[in-house]
Structure formats: C-alpha cells, structure tokens
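Here's a quick briefing to read alongside the model. Have the viewer open and follow along topic by topic.

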Amino acid sequence: MKTLSARHRRNATDQGRGLLEVPELNVALFAFLLNYPWEFLQVPFFRDMPTANHWDAIVFCTRAAGGDALIALAGFWIVALVWKTRGWILRPRFAHVAVFVLVGVLTTVAFEWHATVVAERWTYASNMPVIPVIGTGLSPVLQWVVLPPLVVWLVKRQIGP
C-alpha cells in the first residue's frame with residue numbers, strides 16, 4: 001500500500017480550506033472582531049454616544065468596526081507592497097508590524113481630525129484624554145497601537161504552518 005507524502009497529505013487537507021487561507025479575509029475578519037468591542041468600550045469617551053438611541057449606537061459602532069477592518073486591509077496591502085509579499089503576515093518582522101500599526105495610527109488621526117474638526121460628526125467627551133498638538137483622542141490612537149499586533153498574531157495562527 002502506497003502512503004501519501006507529508007506534502008501530499010497537507011495539500012489534500014488544505015484543499016477544503018480555500019477562503020480560510022486568504023490573508024486578506026483573515027485580516028478583515030479579525031480586525032472587525034477585535035475592533036467591534038473596542039468601539040463599544042469607548043462610547044463613554046464621545047459626548048453624545050452614551051445618550052444615543054440604542055439601535056443608532058449599535059449601527060454607528062458596527063460601521064466604525066467595518067471601517068476599522070478596511071483600514072487594517074489597507075495597512076496589510078501597504079506592507080505587502082513595500083515588502084512585495086502578501087506572506088509577510090506568516091513571518092512578521094518588527095518592521096512589518098510597525099508599518100501596519102503606523103498606517104492605522106496615521107489613518108485614524110486623519111479621520112478623527114476630519115470627523116471632529118472639519119465635518120463635526122462627533123465631539124469628544126470631557127473624560128477623553130486628547131493628545132496635545134494633534135488634538136486626537138487617546139482611545140482611538142491606542143486602538144491602533146494595541147489591536148493590529150493582535151490581528152497579525154491571530155492571522156498567523158489561523159493560516160500559518
């Protein structure tokens with residue numbers, strides 16, 4: 001009886017995984033799942049959110065988490081373009097994760113500035129610590145310092161060898 005080599009066994013097992021192996025899908029999924037509770041936890045730091053209609057707050061936080069997933073995808077693709085490989089997330093180096101985080105932080109600072117200053121879509125509550133000079137709330141910035149490394153770790157565990 002002929003046995004399958006390790007490579008053939010692995011290929012036979014992985015054929016059914018398909019989309020679960022796509023790094024972008026995993027980045028978007030884990031980014032959404034991690035950012036969703038963060039969005040709810042920071043509700044007290046935004047002036048009108050604690051008194052908002054329950055359903056409106058859920059919709060707002062869901063959209064925000066969806067936007068966070070898109071920001072994470074942009075960060076993933078920027079790192080992939082710079083290092084010319086989508087596989088960076090399977091063997092992440094400090095520089096990869098640093099650029100991934102930096103994309104999120106810079107995008108967040110720009111969006112927060114636009115939303116609070118230009119469009120006046122929301123206002124920080126008095127208990128929101130604000131970063132001097134840039135005027136961005138600390139919670140949205142910490143979100144992009146803390147969560148992206150977790151996204152990388154989870155994706156690597158999900159699709160890595």
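**Arg86 and the salt bridges**

Arg86 is partly exposed, at a relative accessible area of 42%. Keep in mind that this is a predicted model. The chain holds 5 helices and 0 strands, so the order of elements from the N terminus reads α-α-α-α-α under the DSSP-based assignment. Below, the charged pairs come first, then the helix packing, then a few individual residues.

- Search the whole structure and you get 2 salt bridges.
- One of them joins the side chains of Arg86 and Glu24, with an N to O distance of 2.7 Å. Arg86 sits in the loop between H3 and H4 while Glu24 belongs to helix H2, so this pair ties together parts that lie 62 residues apart in sequence.
- What about the Glu24 end: buried or exposed? Glu24 counts as buried, at 13% relative accessibility, because the cut-off for buried is under 20%. Its partner Arg86, at 42%, is partly exposed.
- Arg47 and Asp48 form a salt bridge too, with their side chains meeting at 3.5 Å, N to O.

**The chain overall**

- Of the 161 residues in the chain, 35% count as buried.
- Take the contacts between residues at least 6 apart in sequence: 69% of these join residues at least 24 apart.

**How the helices pack**

Two packed helices are described by the angle between their axes and the distance between the axes. Here are three pairs, going along the chain.

- H2 and H3 pack at about 140 degrees, and their axes are 8 Å apart. That makes H2 oblique to H3, because an angle has to be over 145 degrees to count as roughly antiparallel. The H2 and H3 crossing is right-handed.
- Helix H3 (residues 54-83) packs on helix H4 (residues 94-118) at an angle of about 135 degrees, with 9 Å between the axes. H3 and H4 are therefore oblique to each other as well. H3 passes H4 in a right-handed crossing.
- Which residues make up the H3 and H4 contact? From H3 come Ile71, Ala72, Ala74, Gly75, Phe76, Ile78, Val79 and Trp83. They meet Ala95, His96, Val99, Phe100, Val103, Gly104, Thr107 and Phe111 in H4.
- H4 and helix H5 (residues 138-159) pack at about 150 degrees, with axes 9 Å apart. This pair is therefore roughly antiparallel. The crossing of H4 and H5 is right-handed.
- On the H4 side of the contact with H5 you'll find Val97, Phe100, Val101, Gly104, Val105, Thr108, Val109 and Glu112. The H5 residues that they meet are Pro140, Val141, Trp144, Val145, Pro148, Pro149, Val151 and Val152.
- Phe100 and Gly104 of H4 are worth picking out: they are listed in the contact with H3 and again in the contact with H5.

**Two buried residues to look at**

- Glu39 is found in helix H2 (residues 23-41). Glu39 is buried yet has no salt bridge. Where is the nearest side chain of opposite charge? That is Arg121, and it is 11 Å away, whereas a salt bridge needs the charged atoms within 4 Å.
- Setting aside neighbours within four places in sequence, Glu39 is in contact with Cys61, Ala64, Ala65, Asp68 and Gln143.
- Thr108 is found in helix H4. Thr108 is buried, with a relative accessible area of 7%.
- Not counting residues up to four places away in sequence, Thr108 touches Pro140, Val141 and Trp144. Those three residues are also among the H5 residues in the H4 and H5 contact.

**Backbone oddities in the loop between H4 and H5**

Most residues other than glycine have a negative phi. Two residues go against that here.

- Glu120 is not a glycine, yet has a positive phi of about 50 degrees. Glu120 is found in the loop between H4 and H5 and is exposed, with a relative accessible area of 64%.
- Val133 isn't a glycine either, and has a positive phi of about 75 degrees. Val133 also has its place in the loop between H4 and H5. Is the Val133 position buried or exposed? Val133 is exposed, with a relative accessible area of 88%.

Notes
Residues numbered from 1 in each chain as written. Predicted model: local features only at pLDDT ≥ 70, side-chain atom pairs only at ≥ 80, totals over all residues. Heavy atoms only, no water. Helix = DSSP H or I, 4+ residues; strand = E, 2+ residues; numbered from the N terminus. Buried < 20%, exposed > 50% of the residue type's maximum accessible area, 1.4 Å probe, protein only. Lys, Arg positive; Asp, Glu negative; His and termini not counted. Contact = heavy atoms within 4.5 Å. Axes fitted to C-alpha atoms, helices over the stretch in contact; angles between N-to-C directions. Parallel < 35°, antiparallel > 145°, perpendicular 65-115°, else oblique. Left-handed = near helix turned anticlockwise from the far one by under 90°.
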